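Colleague: I should like to learn how to read a structural model in a systematic way. May we go through one together?

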Amino acid sequence: MSVAVMLFTSDLRLHDQPALQAALRGADEVVPLFVLDPGIRKAGFDAPNRRAFLADCLVSLDAGLHERGGRLVIRTGHVTEQVCRVVAETGARAVHIAAGVSGYAVRREEQLRSALAAVRCALHVHDGVVTALPPGRVTPGGRDHFAVFSAYFRRWEAAGLRGAMAAPRSLRVPELAGHPLPRRTAVTGVSPGLAKGGELEGRRRLSAWLADTDAGIAAYAERHDDLPGDATSRLSPHLHFGTLSATELVHRARRKGGPGADAFVRQLAWRDFHHQVLAARPEAAHADYRTRGDHWRTDEKAISAWKDGRTGCPIVDAAMRQLLHEGWMHNRGRLLTASYLTKTLYVDWRIGARHFLDLLVDGDIANNQLNWQWVAGTGTDTRPNRVLNPLAQAKRFDPQGDYVRRWVPELAQLAGPAVHQPWKLDGLDRARLDYPDPLVEPAEGRARFERARGLH
Ligand SMILES: Cc1cc2nc3c(=O)[nH]c(=O)nc-3n(C[C@H](O)[C@H](O)[C@H](O)COP(=O)(O)OP(=O)(O)OC[C@H]3O[C@@H](n4cnc5c(N)ncnc54)[C@H](O)[C@@H]3O)c2cc1C
């Protein structure tokens, strides 16, 4: 009886799961294994929101495996040691894992490769599980990655993706001890409005979003920037944990067709783009991709106000409070809060990226760090000195102020767009609002940023 181990990582699903399918093809029995590795906590990436969402994902994966005659085996400890233990206990001759791009994933793969070679067990690393197109599949002549999205996207579109795979019908899991599944209710410090995780929930959300003609994929091209309308897919945590496959999403969106589907597929290509940058430049997780010689300001009071949603700039505060409440933020909110921190306050992008990673349920090294760098102008943006004016953003993307009123209750009594400029109220009305004065005038912040970058 031959045995293989399927080590689940950022691919917690049964549908379109090439690594699991390969394991099933190559062995009579498969151990579906997930290792809770304290190394993730030590590295500071074990944020409560992601831990809670992960617990849901593991419960859902176990349920899906049970329906097919199997179960999920949970182990706790250093991932390489635990995999080697399972290999020794079962006599497995192969371990299957999805390729990853973070520093942690690359180190894990190297350690597994040498530890498994020592016991003559093969390691199979599968591309195109975490992203739709594997990093490095398309490259510009003579270079290892694309630095400009538009050029990448042309090649990405032409490259052609593999077909999506059905979930396996059944599997056999050998007798083996495991630890209990972690439970979401055991995690403390979770955002009160955190979404539910798991493959079943991800597939339900995807189907609903594909079918919704008002705020779903059909309206995505026109409405993806509508802050109060909340008309994006909210699939990012499912992509981060791999409860949905990016490849399957591209195929299903393309089957829908139309401008909304085109715009959505383009966003999925942004995800692949950042993954291929990080794969080629792992240091971009913490170092400027393209340094601009910044000498960032240290202003603890301003940083705390930004984190707490108390900057006195309503649109920024609304988005920061959405993050605190849901562990998720609308993309337009991410853009304008990151621009406010790095360009209006002129604070180091790493401080903002860390705070986002502490809270975001989709918090992802590739997407988070490289989007932060894009906004700060140290990354791949071809216009690195652009500054988003928060008031102009508010008027454009929350014209009636509904998003601000939803998230900043102190301002809920202000009707219409006046909510974006509480500083314009006369003295008494203003004093009655328990809401701070603006930390900085956007024009003043912009002038400071431009001086710092030597633009005039
Ligand atoms: C400062 C900043 C930090 C960010 N941090 C993260 C992060 O940690 N994790 C994360 O997944 N996304 C991050 N993003 C990208 C984007 O904001 C989110 O992916 C998106 O808001 C998720 O919502 P959605 O699923 O409704 O997106 P949709 O608009 O429905 O898009 C569909 C999918 O496309 C991908 N996508 C969309 N926009 C981007 C983008 N700019 N870059 C990469 N992929 C994208 C996501 O996987 C998303 O789920 C960040 C953006 C900024 C500006």
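**Reading helix H15 and its surroundings**

Modeller: Let us begin with one helix. In helix H15, residues 349-359, the buried residues are Trp349, Gly352, Ala353, His355, Phe356, Leu357 and Leu359. Please keep in mind throughout that this is a predicted model.

Colleague: What covers the buried residues of H15?

Modeller: The cover includes helix H3 (48-67), helix H12 (300-308), helix H13 (314-326), helix H14 (331-344) and helix H16 (365-376).

Colleague: May we take a single residue of that helix? Which residues is His355 in contact with, leaving aside its neighbours within four places in sequence?

Modeller: His355 lies in helix H15. Its relative accessible area is 9%, and a residue counts as buried under 20%, so His355 is buried. With the neighbours within four places in sequence left aside, His355 is in contact with Trp306, Lys307, Met320 and Leu323.

Colleague: Let us turn to helix H13. Is Gln322 buried or exposed?

Modeller: Gln322, which lies in helix H13, counts as buried because its relative accessibility is 3%. Beyond its neighbours within four places in sequence, Gln322 is in contact with Arg234, Gly327, Trp328, Met329, His330, Tyr403 and Trp407.

Colleague: How should one read a separation along the chain beside a separation in space?

Modeller: One reads the two values together. Gln322 and Arg453 are 131 residues apart along the chain, and their C-alpha atoms are separated by 31 Å. For Arg321 and Val408, 87 residues apart along the chain, the C-alpha separation is 7.6 Å.

Colleague: Where is the place of Arg321, and why does this residue count as buried?

Modeller: Arg321 is also in helix H13. It counts as buried because its relative accessible area is 13%. Apart from neighbours within four places in sequence, its contacts are Asp308, Gly309, Arg310, Trp407, Val408, Pro409, Glu410 and Tyr435.

Colleague: Which residues of helix H20 are buried, and what do they pack against?

Modeller: In helix H20, residues 442-452, the buried residues are Gly445, Arg448, Phe449 and Glu450. These buried residues pack against H14. After H20 comes Gly454, with a positive phi near 65°.

Colleague: Which residues other than glycine should I look at for a positive phi?

Modeller: Two cases may be read side by side. Asp16 has a positive phi near 40° and lies in the loop between strand E1 (3-7) and helix H1 (18-26). Asp16 counts as buried, because its relative accessibility is 0%. Asp230 has a positive phi of about 55° although it is not a glycine, and its place is in the loop between helix H8 (220-223) and helix H9 (236-241). At 26% relative accessibility, Asp230 counts as partly exposed.

Colleague: Is Ala186 buried or exposed?

Modeller: Ala186 is found in the loop between helix H6 (149-159) and helix H7 (199-211). With a relative accessible area of 62%, Ala186 is exposed. The C-alpha atoms of Ala186 and Ala52 are separated by 8.2 Å, although the two residues are 134 residues apart along the chain.

Colleague: May we now consider the whole chain? How many helices and strands does the protein have?

Modeller: The protein has 20 helices and five strands. Its radius of gyration is 23 Å, close to the 23 Å that the globule rule gives for 456 residues, so the protein is as compact as a globular protein of that length. Along the principal axes, the C-alpha trace spans about 80 × 45 × 45 Å.

Colleague: What do burial, contacts and surface add to this picture?

Modeller: Of the 456 residues, 55% are buried. Among contacts with a separation of 6 or more, 78% come from residues 24 or more positions apart. The protein exposes about 19,300 Å², and carbon and sulfur atoms supply 51% of that area. There are 62 positive and 51 negative side chains, with the centres of the two sets 3 Å apart.

Colleague: Which domains does the domain assignment give?

Modeller: The assignment gives domain 1 (3-128), domain 2 (131-160 + 201-280) and domain 3 (300-452). The contact between domain 2 and domain 3 takes 21 residues from domain 2 and 26 residues from domain 3. Taken over C-alpha atoms, the centres of domain 2 and domain 3 are 25 Å apart.

Notes: Residues are numbered from 1 along each chain as its sequence is written. This is a predicted model: local features need pLDDT of at least 70, side-chain atom pairs count only at pLDDT 80 or more; totals for chains, interfaces and linings use all residues. Side-chain values use heavy atoms; hydrogens and water are left out. Helices (H or I, at least four residues) and strands (E, at least two) are DSSP runs, numbered from the N terminus. The radius of gyration is taken over C-alpha atoms; the globule rule is 2.2 Å times the number of residues to the power 0.38. Buried means under 20% relative accessible area, exposed over 50%, partly exposed in between (1.4 Å probe, protein chains only). Contact means heavy atoms within 4.5 Å. Accessible areas come from the Shrake-Rupley method with a 1.4 Å probe; for residues, only the protein chains shown count as cover. Lys and Arg count as positive and Asp and Glu as negative; His and the chain ends are not counted. The place of a charge is taken as NZ of Lys, CZ of Arg, CG of Asp or CD of Glu. Domain bounds come from an automatic or database domain assignment.
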